[in-house]
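Dear colleague,

Please find the structure below, handed over for your own inspection. My notes on it follow directly after.

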Amino acid sequence: MSEEPLRPTNPDLFEGLKAALGEQAVSVSGAERHLHSQDESTYPAVVPDLVVWPQSTDDVVQIVTLAAEHGEPITGWGAASSSEGHAIPVKHGIVVDFARMNRILAVHAEDFQATVQPGVLRLDLEKHLSQYGLFFAPDPGANASVGGMIANNAAGIRAHKYGATRSNVLALEVVLANGEVIKTGSRSVKQSSGYDLTRLIIGSEGTLGLVTEATLKLHPVPQHFATAVVGFGTVAGAAQAAYGIIGAGLAPAALEILHQNHIRYMNEDDGSDWPVLPSLMIEFTGSSDVATGDALDEARLICEDAGAESFTSGLGHQDRSEMWTMRHGARYRYRRRAPGYVWSAIDVSVPISHMPQIIAYAEKCATDLGLPGEVLGHAGDGNIHMGIGYDPGDADEKQRAGELSRMIIEKALELEGTASGEHGIGLGKRKYMVAEHGAPAIDVMRAIKKALDPQNLLNPDKVLPDPLV
Ligand SMILES: Cc1cc2nc3c(=O)[nH]c(=O)nc-3n(C[C@H](O)[C@H](O)[C@H](O)COP(=O)(O)OP(=O)(O)OC[C@H]3O[C@@H](n4cnc5c(N)ncnc54)[C@H](O)[C@@H]3O)c2cc1C
């Protein structure tokens, strides 16, 4: 949380917003402003001038219109679980917190769809949809808002089977920077009509428009599953087995790779008893126990060929659910072990055949730089994470941490991958955008931004690199 002194709020804007939305919907209190100054990233907090809580699309239109009149920047706010500074209001201005736009507007169970407001939280949605036997597949681990997941194109452990958020949204309602409301897409699962504005907005991190409604694609909750935790001699060996499983066409629902220290921390903190080895968490879901069991048997053979040293299967509902909860807690487990450290997360993704190579490279670089290199990731998607921690008071360690991050990202780009598989660009990855996409493509992105937000008010200084870079 920032210690910086509060800037004075534009009084006309404050009065205008209160008149339009009501007193209870606007706050200039120091506490609220500080609470809306930082996300899960390591970037410095920036305190907004005021915070608003819209309850409807009309409220959002009023906010955007007043902001444009006063030339005030607007930053959307979901659950602030972003890892790259996306939600930090770097130019101060207005933070639009969508927490009160959290209604599930319709469940079209017969079409496997739901229409929701952006502030609905992932776990609330999951609970509500369970009565229909349906679920929304993207699962970033954190209890993120649907609006934040759309803005960041969040993915998580189930993306290999179901795709990231971009593959699971059919239609949007969006308030543009000029206050116009547009509808994108339709409820048809097949769409081939015009430019795909839905997919342009998804992943735009609140820089092109504010999402006020979304129609989501749902899936039946799988009734049958087979899950295993498999230990290997090296992380790269586990990655090789993951590659073999995908190559055999087995289509796992989840295929997570973990450095042995993550397994050790889980055993220590959560009472599991898995062999402390580089591991794969594998899950198959399907229409019968026979189908999922057969797939797991085949995966076991592939793992054994790849040198698996342990294979723990036969997990029941409870154990399996606890296992995924533990997996989601990985980030906080290593943070707990180094109090006072600052942590940034690597999120590179490469073509799946390069997965063993990028892991081996990341681990070697970490060792060479004298930093812990505890890789974990979504092996099915070639997407790896590594928590890079440093003592903020140790300039040398901080410099090495930055160097490690740069080396891994540059290697991923060299391997025709991306600087971000799922966390997004925010502030942190802007400097890699030209290297990844090329200057002409960045110019096209800049032209889109300028056309939709000529005053540069929507989440400024995010995604696109500094114009001078
Ligand atoms: C423990 C942990 C694990 C994680 N694991 C994963 C993972 O496995 N996979 C993954 O993909 N991510 C992961 N994340 C990152 C994060 O959860 C996702 O990026 C998530 O989508 C952010 O959602 P949020 O609601 O917190 O959004 P916020 O952080 O509040 O905002 C994200 C962006 O969305 C914008 N925004 C918010 N609402 C709107 C709106 N209505 N319209 C337009 N823009 C809006 C904000 O301005 C900001 O730019 C993890 C985070 C944590 C803390």
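In the hairpin formed by strand 17 and strand 18, glycine 382 adopts a positive phi near 65°. Four residues lie between the two strands of this hairpin. Please bear in mind throughout that this is a predicted model.

The hairpin strands themselves

Strand 17 and strand 18 (residues 383-390) are paired in the antiparallel sense, over four bridges. Within that pairing, valine 375 has methionine 386 of strand 18 as its bridge partner. Strand 17 is covered on both faces: Val375 and Gly377 are buried on one side, and Leu376 and His378 are buried on the other. Strand 17 is also joined to strand 13 by three bridges, and these two strands run antiparallel. There, histidine 378 in strand 17 stands opposite glutamate 256.

The seven-stranded sheet

These strands belong to an open sheet of seven strands, ordered 15-12-14-13-17-18-16, with antiparallel pairing. Strand 15 (310-312) and strand 16 (342-349) are the edge strands; each has a single partner strand, so one side of each is left without a neighbour in the sheet. From one strand to the next, the twist averages 20°.

Strand 13 (residues 254-258) pairs with strand 14 (residues 279-286) in the antiparallel sense over five bridges. In this pairing glutamate 256 stands opposite methionine 281 of strand 14. Two helices pack on the sheet. Helix 8 (residues 235-247) touches strand 13, strand 14 and strand 17 (375-378), and its direction makes about 165° with that of strand 13. Helix 11 (residues 317-328) touches strand 12 (224-231), strand 13 and strand 14, and its direction makes about 55° with that of strand 12.

Strand 12 deserves a separate remark. Six of its eight residues are buried, so strand 12 is largely enclosed by the rest of the structure. Eight bridges connect strand 12 with strand 14, and the two run antiparallel; three bridges connect strand 12 with strand 15, again with an antiparallel run. Glycine 231 takes part on both sides: this residue stands opposite serine 279 in strand 14 and opposite serine 310 in strand 15.

The four-stranded sheet

A further open sheet is built from four strands in the order 1-2-4-3, and its pairing is mixed. Its edges are strand 1 (26-27) and strand 3 (74-77), each of which pairs on one side only. Strand 1 pairs with strand 2 (residues 50-52) in the antiparallel sense over two bridges, and serine 27 stands opposite valine 51 in strand 2. Helix 3 (residues 57-70) packs on this sheet, where it touches strand 2, strand 3 and strand 4 (94-97); the direction of helix 3 makes about 170° with that of strand 4.

Domains and the contact between domains 1 and 5

The domain assignment divides the chain into domain 1 (11-100), domain 2 (104-220), domain 3 (224-330), domain 4 (338-424) and domain 5 (429-469). Between the C-alpha centres of domain 1 and domain 5 the distance is 22 Å. Twelve residues from domain 1 and eight residues from domain 5 make up the contact. On the domain 1 side, helix 3 and strand 3 each supply at least two residues, and strand 3 gives the most, with three residues. By class, that side of domain 1 has five nonpolar, four polar and three charged residues.

The ligand

The ligand is surrounded by 36 residues, of which the closest are Gly78, Gly147, Gly148, Ala151 and Gly206. Strand 3, helix 5 (146-152) and strand 10 (210-217) are the elements that give two or more residues to this shell. Helix 5 provides the largest share, five residues. The shell divides into 15 nonpolar, 16 polar and five charged residues. Domain 1 and domain 2 both contribute residues to the shell, so the ligand lies between these two domains.

With kind regards

Note on methods: Residues are numbered from 1 along each chain as its sequence is written. This is a predicted model: local features need pLDDT of at least 70, side-chain atom pairs count only at pLDDT 80 or more; totals for chains, interfaces and linings use all residues. Two strands pair if DSSP finds at least two bridges between them. Two residues are in contact if their C-beta atoms, placed from the backbone, lie within 7 Å. Axes are lines fitted to C-alpha atoms, for helices over the stretch in contact, and angles run from 0 to 180 degrees between N-to-C directions. A residue is near a molecule or strand if its C-beta atom, placed from the backbone, lies within 6 Å of it. Ala, Val, Leu, Ile, Met, Phe, Trp, Tyr, Cys and Pro count as nonpolar, Asp, Glu, Lys and Arg as charged, and the others, Gly among them, as polar. Domain bounds come from an automatic or database domain assignment. A residue is buried if 20 or more other C-beta atoms lie within 10 Å of its own, exposed if 12 or fewer, and partly exposed in between; C-beta atoms are placed from the backbone.
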